[in-house]
Structure formats: structure tokens, C-alpha cells
Amino acid sequence: MQLLGVRKVYGSGDHTVTALNRVSVGFPTGTFTAIMGPSGSGKSTLLHCAAGLDRPTEGQIFVADKDVGAMDEGERTILRREHIGFVFQAFNLVASLTAAQNVELPLRFAGRRVDRTDVLEALAEVGLGERSGHRPSELSGGQQQRVALARALITRPDVLFADEPTGALDTSTSREVLTLLRRLVDDKNQTTIMVTHDPVAASYADVVVFLKDGQLADRVALKPVDPSNPALIAAQMARLEA
Ligand code: ADP
Ligand code: MG
């Protein structure tokens, strides 16, 4: 997917905030990109515009060869259902539904046939084949995030977006979720874009894109899960925040 000259201005009249200022960046198919930057630098805005949750003020956003920037609300809803997966820091599972029922939801919203085998396979893929009948309250945080991941992937999205997916998890559970994301990129060619504050989380990506004041500040290509990556990323963050 690709962003070309994307601007996002909030508000109107004298009270406007330019959250993104002509950002152009590509996210090649089958790669894992981390987005980092100081608070208020435009990370969430970029993710929301790229995922079709919000509209850019200006510019083009190509997903599956379609320009999301030119779509109206209804078209964006369809694009999200068919081409985009999203996981959030807070998991956002439906508490009253089982793991399997949560995973089925995007298929039901899209009016697609629900194949029980596909749902169980998606849960097995994230290591939860035995937990399909459990409700979120009966699962750990890491398990809940893995259900959310299975739910995001059940429609086989072109792009998976993750907004601080490990923000609510402890270190070892974070590592499980990040290892899983990495494996999906390597084995399934799953294009993945993740916002994170954590240099260790970012170190699982292929590329780190840094934002500052709504603009692209830097782009660092990483070697595959190199132990020196977190220090490299943390140093770059410190330079941007200085
Ligand atoms: P980040 O995720 O990097 O912290 P955001 O994308 O949330 O940054 O915000 C970028 C800028 O846009 C900030 O100055 C923020 O205050 C502003 N902003 C974000 N959302 C809104 C909104 N809905 N209305 C007005 N300003 C907003
Ligand atoms: Mg944010």
C-alpha cells in the first residue's frame, strides 16, 4: 500500500491542526513496518487514514489498487471489510461472545458464509485451537490479543494494521504476539503496519518509519530480528525527541 502527499487537517477556521503534512510513504506487500514518533506526531492519524477509518484532507492512499482518499464513507466501510484488518491496544473483543464467535464477526458483517473449519483454523494459527469456546474473560491478555489477531485475519486482508498491539501486555506475552506477527509476515506474506512506542516491538519489523510534527522524519531499514535493533531504534527516537 502507498500514501502520496497525504495531508490531514482537523478543525476549521482559526482552530486548525495539521496532523499530517504531505506524507508520502510506501508499505510494500509482504513487509512489516513499524511507525514511531513523539506523542502528537501524527501516528494514529496516519493509521486511521491508511486503514480507511478517517478521510485525509488531501492526497491519495492506495490499498488493493483503490484510492481510499477518494472514497465516501460507505465505500470505505466496504474497503475495510474486504481488504483491511485491525488490532487495537485494548483488544476490543465482544465480551459476551466466545473466541470463535468473535473471529466469525467480520465474515458476518461482510455477509460472507461462515465456515466453521476456517474459524477453527484461524484460531489454531494463533495457537488457540483449544480455546474456541472460551469467552474473553476466560482468556489471558496475550490470548485475547491473539483472538483479536485471528479475527483481523479471517477475511485475509491485504493489510493488517496494529495500533500499539502490545501496549497492554507484559514483556513475555508481548514477545509471543510480536513473534506471531513476524511469522505471519514471513510465512503468509501478510503486509503489516504497526504503531508502537516500544523499540523492542519495532525491532521485529523490516522497516521503521519515524514521524515528527506530521511529517516523515526518517526511515530505517532493519536487519532481520537483530539483537542490536532496539538500541538503534531507541537512539533514533531520542534524536527526534531532542
Ligand atoms: P500520535 O498518535 O502520534 O500521538 P495523533 O495522530 O493522535 O498523534 O495526533 C496528531 C495531531 O493531531 C495532534 O496535535 C493532535 O492533538 C491532533 N488531533 C488528533 N486527532 C484530532 C481530532 N480528532 N481533532 C483535533 N485534533 C486532533
Ligand atoms: Mg496515537
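Let's start in the middle of a sheet: T33 has V207 in β9 as its bridge partner. This pair belongs to a parallel match, in which 4 bridges join β3 to strand β9, residues 207–212. What you are looking at is a predicted model, and its mean pLDDT is 94 for the protein chain, with 100% of the residues at 70 or more. Strand β3, residues 32–36, has the highest mean pLDDT among the elements of the chain, at 98, while helix α8, residues 229–241, has the lowest, at 89.

Now step back to see the sheet around that pair. It is an open sheet of 6 strands with mixed pairing, and you can read the order as β6-β7-β8-β3-β9-β10. At its edges are β6 (84–88) and β10 (215–221), each of which pairs on one side only. From one strand to the next, the twist averages 20°.

Two helices lie across this sheet. Helix α8 lies across β3, β9 and β10, and runs at about 10° to β9. Helix α1 lies across β3, β6, β7 (159–163), β8 (191–195) and β9, at about 150° to β7.

Follow α1 a little further and you meet another sheet. Helix α1, residues 43–50, also lies across β1, β2 and β4 (58–63), running at about 120° to β1. These strands are part of an open sheet of 4 strands, in the order β2-β1-β4-β5 with antiparallel pairing. Here the edge strands are β2 (17–26) and β5 (66–67), each pairing on one side only. Between β1 (residues 2–10) and β2 there are 6 bridges in the antiparallel sense, and K8 stands opposite L20 in β2.

Finally, let's visit the ligand. Which residues surround ligand 1? They are Y10, V17, A19, P38, S39, G40, S41, G42, K43, S44 and T45. Both β2 and α1 supply at least two residues of this shell, and α1 gives the most, with 3 residues.

Look closely at three of the neighbours. A backbone N or O atom of G42 lies 3.0 Å from an oxygen atom of ligand 1. For K43 it is the side chain that takes part, with an N or O atom 2.8 Å from an oxygen atom of the ligand. S44 again uses its backbone, where an N or O atom lies 2.9 Å from an oxygen atom of ligand 1. Taken alone, ligand 1 exposes 560 Å², and the protein buries 57% of that.

Terms used:
Residues numbered from 1 in each chain as written. Chains lettered and ligands numbered in written order. Predicted model: local features only at pLDDT ≥ 70, side-chain atom pairs only at ≥ 80, totals over all residues. Heavy atoms only, no water. Pairing = 2+ DSSP bridges. Contact = heavy atoms within 4.5 Å. Axes fitted to C-alpha atoms, helices over the stretch in contact; angles between N-to-C directions. pLDDT = per-residue confidence, 0-100. Near = heavy atom within 4 Å. Polar contact = N/O pair within 3.5 Å; in protein donor to acceptor, adjacent residues only side chain to side chain. Areas by Shrake-Rupley, 256 points an atom, 1.4 Å probe, with all protein chains shown as cover.
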